[in-house]
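Biologist: Could you walk me through this structure, one question at a time? I'm new to this, so plain words please.

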Amino acid sequence: MAKPDWFTVRWSDDGVVMLDQRRLPSEEIYLTLKSVEEIAQSIENLAVRGAPAIGCTAAMGVARAAVTSEAATLSDLRSDLELAIKRLEQTRPTAVNLFWALRRMGALIDQVCEESGADVARVRQRLVVEAERVLAEDIEICRAIGASGLELIPRDARIMTHCNAGALATGGYGTALGVVRAARDAGRGVSVISNETRPFLQGARLTAWELQRDDVPVTVVTDNMVGHLMRTGEVDLVVVGADRVAANGDVANKIGTYTVAVLAREHSIPFYVAAPVSTIDLETPSGAEIPIEERGREEIAEIGERPILPAGVPVRHPAFDVTPATLVTAIVTEKGVVRPPYVETLSALFR
Ligand code: MRU
């Protein structure tokens, strides 16, 4: 497959460069973010989103904090980096890749500071290298997820997906859409039904954009059409991404995923989750303990900037839901396809 002519996020000496996903599909604008605060806000305001992409961006945020710190001593640099990590931790609560990436950067800071002859310049340089490595590894992992998932995808499969778990949500290639890309590249003749994904419309704006750019046939439907399409036999399987997989196999993903999974079960359609091992959180026993982000009113009450609700009417806005493990046919990781009983098969991935 040819390399795409766009990217999600990249390190540069001038700052962290990212495609502003709020403006897709009408405008392709890259932001260059120089400060940790700007990088944290880009995660909060969804300029960059998707669990693995958030992890990559956070790692670069820590590297950027090191590069921009005016500290002259190791202990001052460490204090600056601790503050940066704390700020980045506060951006979004559900996607565990954020905390995974920040822990990885934190562990490296400890390690380098304890090396003999360590100084500020060495810590800076090692953090930049590590952040670029997190991104490069993420792309490789997505390709491996795609290769693992191939065994699940029959010829001419009509694949439903929800939200965007594509190149835009990762360092590149994608998790759920990585499986789609691998199937396409293997000549399986697949097509995608992308649920629009109210309220931020990741399925309509982002999944459709990146699949069209990649010449993968894609049709967008509104979220409330899913049951009808399944009942009329137009969906062969579902593949979605994940923001966090609990130790028992419960899956937190974009709001609406649970509804799709219930409908898939009712219609005997396989429901697959594609995610890197870094999205599996063995410290969280079940979905009940996964923090669910609540976002602001405006994303529900307005489309564009046009109000669609009477002023003053309250809204609820949980941004994620939990699909119980019993509805998940299999989880596709870079280490292979994992099936129930998830308590055993997920923990085996870490041994
Ligand atoms: O709010 P978002 O757009 O960050 O939510 C993204 C999702 O729910 C994705 O499906 C998930 O992060 C998997 S990305 C490979």
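**A strand in the middle**

Modeller: Let's start with a pairing: Val 238 has Phe 271 in β10 as its bridge partner. Keep in mind that this is a predicted model.

Biologist: Okay, so which strand is joined to β10 by three bridges and holds residues 237-240?

Modeller: The two strands run parallel, and three bridges join them. Val 238 is part of that link, with Phe 271 as its partner in β10. The strand you want is β7.

Biologist: And in β15, which residue is the bridge partner of Val 273?

Modeller: β10 and β15 (residues 330-333) pair in the parallel sense, again over three bridges. Within that pairing, the partner of Val 273 is Ile 331.

Biologist: Are the side residues of β10 buried or exposed?

Modeller: In a regular strand the side chains alternate between the two faces of the sheet. Here Phe 271 and Val 273 are on one side, with Tyr 272 and Ala 274 on the other. Both faces of β10 are covered, and these four residues are all buried.

**An open sheet**

Biologist: Which strands stand at the edges of the sheet with the order β11-β8-β9-β14?

Modeller: That sheet is open, has four strands and shows mixed pairing. An edge strand has a single partner, so one side of it is left without a neighbour in the sheet. The two at the edges are β11 (280-281) and β14 (320-323).

Biologist: What is the bridge partner of Ala 246 in β11?

Modeller: β8 (residues 244-246) pairs with β11 in the parallel sense, over two bridges. Ala 246 has a partner in β11, and that partner is Asp 281.

**Helices that cross**

Biologist: Are α1 and α3 roughly parallel or roughly perpendicular to each other?

Modeller: Two packed helices are described by the angle between their axes and the distance between the axes. The axes of α1 (residues 36-44) and α3 (residues 74-89) come within 9 Å and cross at roughly 15°. Angles under 35 degrees count as roughly parallel. So α1 and α3 are roughly parallel.

Biologist: Which residues of α3 make the contact with α1?

Modeller: The crossing of these two helices, α1 and α3, is right-handed. On the α1 side the contact residues include Val 36, Ile 39 and Ile 43. On the α3 side they are Ala 84, Arg 87 and Leu 88.

Biologist: How about α5 and α6: what is the angle between them?

Modeller: α5 passes α6 (residues 176-185) in a right-handed crossing. The contact is made by Ile 145, Gly 146, Ala 147 and Gly 149 of α5, and by Gly 178, Val 179 and Ala 182 of α6. The two helices are oblique to each other. Their axes come within 7 Å, and the crossing angle is roughly 60°.

Biologist: Leu 83 caught my eye. Is Leu 83 buried or exposed?

Modeller: Leu 83 sits in helix α3. Its C-alpha atom is separated by 16 Å from that of Val 120, 37 residues apart along the chain. The relative accessible area of Leu 83 is 58%, and the cut-off is over 50%, so Leu 83 is exposed.

**Cysteines**

Biologist: How many disulfides does the count come to?

Modeller: A disulfide is a covalent bond between the sulfur atoms of two cysteines. Take Cys 56, which is buried at 1% relative accessibility. The closest cysteine sulfur to its own is in Cys 142, 8.3 Å away, which is too far for a bond. Over the structure, the count comes to zero.

**Odd spots in the backbone**

Biologist: Where does Pro 199 lie, and is the bond from Arg 198 to Pro 199 cis or trans?

Modeller: Most residues other than glycine have a negative phi, and most peptide bonds are trans. Pro 199 lies in the loop between β5 (191-195) and α7 (202-213). With omega near 5°, the bond from Arg 198 to Pro 199 is cis.

Biologist: What about the bond from Leu 24 to Pro 25? Which form does it take?

Modeller: Pro 25 is placed in the loop between β2 (15-19) and β3 (30-33). Omega for the bond from Leu 24 is near 5°, and the form is cis.

Biologist: Last one: what is the phi of Asp 215?

Modeller: Asp 215 lies in the loop between α7 and β6 (218-221). At 65% relative accessibility, Asp 215 counts as exposed. Although Asp 215 is not a glycine, its phi is positive, at about 60°.

Conventions:
Residues are numbered from 1 along each chain as its sequence is written. This is a predicted model: local features need pLDDT of at least 70, side-chain atom pairs count only at pLDDT 80 or more; totals for chains, interfaces and linings use all residues. Side-chain values use heavy atoms; hydrogens and water are left out. Buried means under 20% relative accessible area, exposed over 50%, partly exposed in between (1.4 Å probe, protein chains only). Two strands pair if DSSP finds at least two bridges between them. A disulfide is a pair of cysteine sulfur atoms within 2.5 Å. Axes are lines fitted to C-alpha atoms, for helices over the stretch in contact, and angles run from 0 to 180 degrees between N-to-C directions. Angles under 35 degrees count as roughly parallel, over 145 as roughly antiparallel, 65 to 115 as roughly perpendicular and the rest as oblique. A crossing is left-handed if the near helix is turned anticlockwise from the far one by less than a right angle, and right-handed if clockwise. Contact means heavy atoms within 4.5 Å.
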